[in-house]
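Dear colleague,

Please find below the structure that I am handing over to you, with its sequence. My notes on it follow directly after.

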Protein chains: 2
Amino acid sequence: MAELSRESGVPVATIKYYLRERLLPPGERTSPNQALYDETHIRRLKLIRALLEVGGLSVATVADVLAALDEQISTHKVLGIASHGLPMPKAGGDAQAREWAAEQVDRVVAERGWQLRPDHPVVDSLVGTLSAFAELGRPELIAQLSGYAELADRIAELDLRTIADLPSTESIVEGAVIATVLGDVVFAALRRLAQQQVSARTFGDRSG
Amino acid sequence: MAELSRESGVPVATIKYYLRERLLPPGERTSPNQALYDETHIRRLKLIRALLEVGGLSVATVADVLAALDEQISTHKVLGIASHGLPMPKAGGDAQAREWAAEQVDRVVAERGWQLRPDHPVVDSLVGTLSAFAELGRPELIAQLSGYAELADRIAELDLRTIADLPSTESIVEGAVIATVLGDVVFAALRRLAQQQVSARTFGDRSG
């Protein structure tokens, strides 16, 4: 186990925790104090750490993702289980604001031709966040929603290009979770930097 | 003050707090228990609430933004003060990972022709987040960084189009803070929905 810890970079105490929670299958026992771990354990460890620590998934969701992996269902479905477990804000919104927001979402989903179950948790999160614009009395601030959705499609193409060539479903799922969670933060930062450039062009003065 | 509260939708206790913190200028006193507030107070109240509650800015930063507004400096500079105060994750990263990440950022900034101060706090946050990819042993997951930066420029154009036509610098700054903070959440949700579509096309099976 000390060697597994060195190879994977995951502390021994953390490995023991994953074993107790049955996220990591036990090694092949060779003596009362020794077990044999192989390359699959290292790959699995990295995935568990990404899902729990980077993705913030619950132990139960991680168990679901790993079970789906082991059943060899399609990569798309495994990605779906992982993605559903990623934290998204559950903004509330009063009934009137939510109704307005749901109409905006329906319109954009139709424009993009997205196929979505109506009870999709990300749709619920999006409706909640959009309803905050109505509650703040600033519905005009989402006038560009269609444009954002179009660019989201372009971003998603880049996201999938990043992970599609990875060698196994396991590494694709691990890569997708890391890229999605950190990717949101990376993109938010790039957007701020770009906003500053456009703001300088639009509102900047020459005086300094 | 009761009327100001009704008009603005901000509770009386909150208005009193803003007055105590000198964020809101006092009304014109007409009797020991009465003061006159006008349209500027309502606009200012909405802006304060957006900066504090939606933007999560500190009271000190809100005071800086309001002082900049009152000095009638350029909208770009007021936006800059507000934007610098918006919370961004300050990921750490070890020295080697940060050096690698800083090179990636430098390359992308040069590609986009962005003019940035090297000590820009958002650059620091971006370097910290990117260094997490190196620390996780997955630097290949940022292979599309140039593409993301290009799309960030497109998004920033939409962001500025949303707020540029607002009637006053005050409402532009208020709109920018709301649109930036909620906009990150909206875009993250759209990106998830789009990812699912592309994943279905790329990895989906026909079996269900």
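In this predicted model, chain A and chain B each bring 80 residues to their contact. Between them the two chains bury about 7,800 Å², and 69% of that area lies on carbon and sulfur atoms. On the chain B side, the residues that lose the most area to chain A are Arg191(B), Arg192(B) and Phe203(B), which together make up 10% of what that side buries.

As regards polar interactions, 23 residue pairs are in polar contact between chain B and chain A. Ten salt bridges cross the interface. One of the salt bridges joins the side chains of Arg191(A) and Asp184(B), at 3.5 Å from N to O.

Several elements of chain B give two or more residues to the side that touches chain A, namely helix 3 (39-54), helix 5 (75-85), helix 7 (121-135), helix 8 (145-164) and helix 9 (169-203). Helix 9 of chain B gives the most, with 29 residues. By class, this side of chain B consists of 43 nonpolar, 22 polar and 15 charged residues.

Within chain A, helix 4 (residues 59-70) packs on helix 5 (residues 75-85) at an angle of about 175 degrees, their axes being 9 Å apart. Because of this angle, helix 4 of chain A is roughly antiparallel to helix 5 of chain A. Helix 4 makes the contact through Thr61(A), Asp64(A), Val65(A), Ala68(A) and Leu69(A), and helix 5 through Val78(A), Ile81(A), Ala82(A) and Gly85(A). Six nonpolar, two polar and one charged residues form this helix contact.

With kind regards

Methods:
Residues are numbered from 1 along each chain as its sequence is written. Chains are lettered from A and ligands numbered from 1 in the order in which they are written. This is a predicted model: local features need pLDDT of at least 70, side-chain atom pairs count only at pLDDT 80 or more; totals for chains, interfaces and linings use all residues. Side-chain values use heavy atoms; hydrogens and water are left out. Contact means heavy atoms within 4.5 Å. Buried area is the accessible area (1.4 Å probe) that two parts lose on being put together, summed over both. A salt bridge is a side-chain nitrogen of Lys or Arg within 4 Å of a carboxyl oxygen of Asp or Glu. A polar contact is a pair of N or O atoms within 3.5 Å; within protein, one must be able to donate a hydrogen and the other to accept it, and residues adjacent in sequence count only if both atoms are side-chain atoms. Helices (H or I, at least four residues) and strands (E, at least two) are DSSP runs, numbered from the N terminus. Ala, Val, Leu, Ile, Met, Phe, Trp, Tyr, Cys and Pro count as nonpolar, Asp, Glu, Lys and Arg as charged, and the others, Gly among them, as polar. Axes are lines fitted to C-alpha atoms, for helices over the stretch in contact, and angles run from 0 to 180 degrees between N-to-C directions. Angles under 35 degrees count as roughly parallel, over 145 as roughly antiparallel, 65 to 115 as roughly perpendicular and the rest as oblique.
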